[in-house]
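User: I should like a close look at one part of this protein, namely an enclosed space in its interior. Please describe its lining and then set it in the context of the rest of the chain.

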Amino acid sequence: MASSGSRIAIIAALIANSVIAVAKFVAAAITGSAAMLAEAIHSVADAGNQGILIWGLAVSKRAGGERYPFGRGKEVYFWSFMVAVMLFIGGAVFSIQHGIEALQHPHEIEGFGISVAVLSGAIIIEAGSWVVAMREFNRVRGSRALWQTLRETKDAPLLVIIFEDSAAVGGLFIALVGVVASHLTDNPIWDALASILIGLLLAGVAFFLAFEIKGLLIGEAAGRRERAALRACVLAHTKVTGVGRLLTMHLGPEEILVNIDVELAEGLSGEEVHQTIEEVEEGIRAVLPAAQTIFVETDSG
């Protein structure tokens, strides 16, 4: 469910950014706006990033084989991390550098109407892409708080798309304000400052995404609710008297490794122990369908 939702959001963002990038480049060539060029490069970077995410989702589904015994699910986290890096290098650094150059060598902004039309249209298209991403995210979020879910989600591609789209809409508003302010004051400094602000916005988003995805690359555990439900499920088994160490790790957005120590009732035969372990594993999968790799260690007294 998570990966299919991510793919829909990624494809919507890819189409939106590809269309917008062409329009922005045309407008930047006509107007000479630094903020418009920064936004054009931003859209190209975003479109490239979405291509990387699609690739990451595809390779993460491949069989691991002997070389990757736990599968290749974490590839999607690696490529999502690379998107954060590219967002910083390809978007933030360029926008800030171009804005500084525009401050040092200001020039008149032409084609005010074209800039406003392109930026306004881009805002509408990006907002539509953002709505698609948030719709998919809300399906996963349920009744949980927004910020809590953003911090706890293991679906890195969807997280990237949400923040990319949010930064895109925010950057477009900044660019629009910069162009309008430059036109009204007849001072191109506002356009240059807008380019720098866009770069700072992208840098902030890139650092946040890199920080969040770093934890998934290292190996984050399942959420507290999932771990609590898992413990309760195992303890509910009539032949389980206790639960010891519980280790979980996300191998991908929809793949969780579970290692659990259980204490069994005394006097069980070997066959009963084997059957109990199988029932415990079935119960874990019923409560946590993403638990595809399960290790149950027993102490049958």
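Analyst: The second largest cavity is lined by Gly 32, Ser 33, Ala 34, Ala 102, His 105, Pro 106, His 107, Ile 109, Pro 188, Asp 191 and Ala 192. This is a predicted model, and the description that follows rests on computed values. By class, the lining of this cavity comprises 6 nonpolar, 4 polar and 1 charged residues. The space inside the second largest cavity amounts to about 50 Å³. The search of the whole structure finds 2 cavities of 30 Å³ or more.

Thr 31 directly precedes Gly 32 of the lining in the numbering. Thr 31 belongs to helix H1, and H1 spans residues 2-31. Thr 31 counts as buried because its relative accessibility is 2%, where buried means under 20%. The side chain of Thr 31 reaches back to the backbone oxygen of Ala 27, at 2.8 Å. Beyond the residues up to four places away in sequence, Thr 31 touches Glu 108, Ile 109, Glu 110, Gly 111 and Ser 115. One of these contacts, Ile 109, is also a lining residue of the second largest cavity.

Asp 186 lies in the loop between H6 and H7, and the lining includes Pro 188, Asp 191 and Ala 192. Asp 186 has a positive phi of about 55 degrees, although it is not a glycine. Asp 186 counts as exposed because its relative accessibility is 64%, where exposed means over 50%.

The helices of this part of the chain also contribute to a nonpolar core. In soluble globular proteins, nonpolar side chains tend to be buried together. The largest nonpolar core here has 47 residues, and those with the most contacts inside it are Leu 119, Ile 161, Ile 162, Phe 163 and Leu 209. Two or more residues of this core come from each of H1, H2 (34-60), H3 (75-104), H4 (112-141), H6 (156-185) and H7 (189-218). Helix H6 provides the largest share of the core, 12 residues. Leu 119 touches Met 36, Leu 172, Ala 175, Leu 176 and Val 179, leaving aside residues up to four places away in sequence. A second, separate core of 21 residues includes Leu 230, Val 240, Val 243 and Ala 290.

The loop between H2 and H3 holds Arg 72. The side chain of Arg 72 makes a polar contact with the side chain of Glu 75, at 2.4 Å. Residues up to four places away in sequence aside, Arg 72 touches Val 59, Ser 60, Arg 62, Ala 63 and Gly 64.

An open space may be set beside the enclosed one. The largest pocket has a volume of about 690 Å³. Its lining has 26 residues, and the closest to its centre are Val 140, Arg 144, Lys 154, Glu 226 and His 250. H4, helix H5 (146-152) and helix H8 (224-235) each give two or more residues to this lining, and H8 supplies the largest share, 4 residues. By class, the lining of the largest pocket has 11 nonpolar, 4 polar and 11 charged residues.

Among the residues closest to the centre of this pocket is His 250, which is found in strand E1. His 250 counts as buried because its relative accessible area is 6%, where buried means under 20%. The side chain of His 250 reaches the backbone oxygen of Gly 252 at 3.0 Å. Neighbours within four places in sequence aside, His 250 is in contact with Lys 74, Tyr 77, Lys 154, Glu 220, Ala 221, Ala 222, Glu 255 and Ile 256. One of these contacts, Lys 154, is likewise among the residues closest to the centre of the pocket. The C-alpha atoms of His 250 and Val 22 are separated by 39 Å, and these residues are 228 places apart along the chain.

Strand E1 (residues 240-252) also contains Arg 245. Arg 245 is partly exposed, with a relative accessible area of 44%. Apart from residues up to four places away in sequence, Arg 245 touches Asn 259, Ile 260, Asp 261 and Glu 297. The C-alpha atoms of Arg 245 and Met 36 are 55 Å apart, with their positions 209 residues apart along the chain.

Note on methods: Residues are numbered from 1 along each chain as its sequence is written. This is a predicted model: local features need pLDDT of at least 70, side-chain atom pairs count only at pLDDT 80 or more; totals for chains, interfaces and linings use all residues. Side-chain values use heavy atoms; hydrogens and water are left out. A nonpolar core is a set of buried Ala, Val, Leu, Ile, Met, Phe, Trp, Tyr and Cys residues joined through side-chain atoms within 4.5 Å. Buried means under 20% relative accessible area, exposed over 50%, partly exposed in between (1.4 Å probe, protein chains only). Contact means heavy atoms within 4.5 Å. A polar contact is a pair of N or O atoms within 3.5 Å; within protein, one must be able to donate a hydrogen and the other to accept it, and residues adjacent in sequence count only if both atoms are side-chain atoms. On a 1 Å grid over the protein atoms alone, a cavity is a set of points where a 1.4 Å probe fits but cannot get out, and a pocket is an open set with protein on both sides within 12 Å along at least five of seven lines; lining residues have an atom within 4 Å of a point. Grid points are joined across faces, edges and corners, and a volume is the space filled by probe spheres set on the points. Ala, Val, Leu, Ile, Met, Phe, Trp, Tyr, Cys and Pro count as nonpolar, Asp, Glu, Lys and Arg as charged, and the others, Gly among them, as polar.
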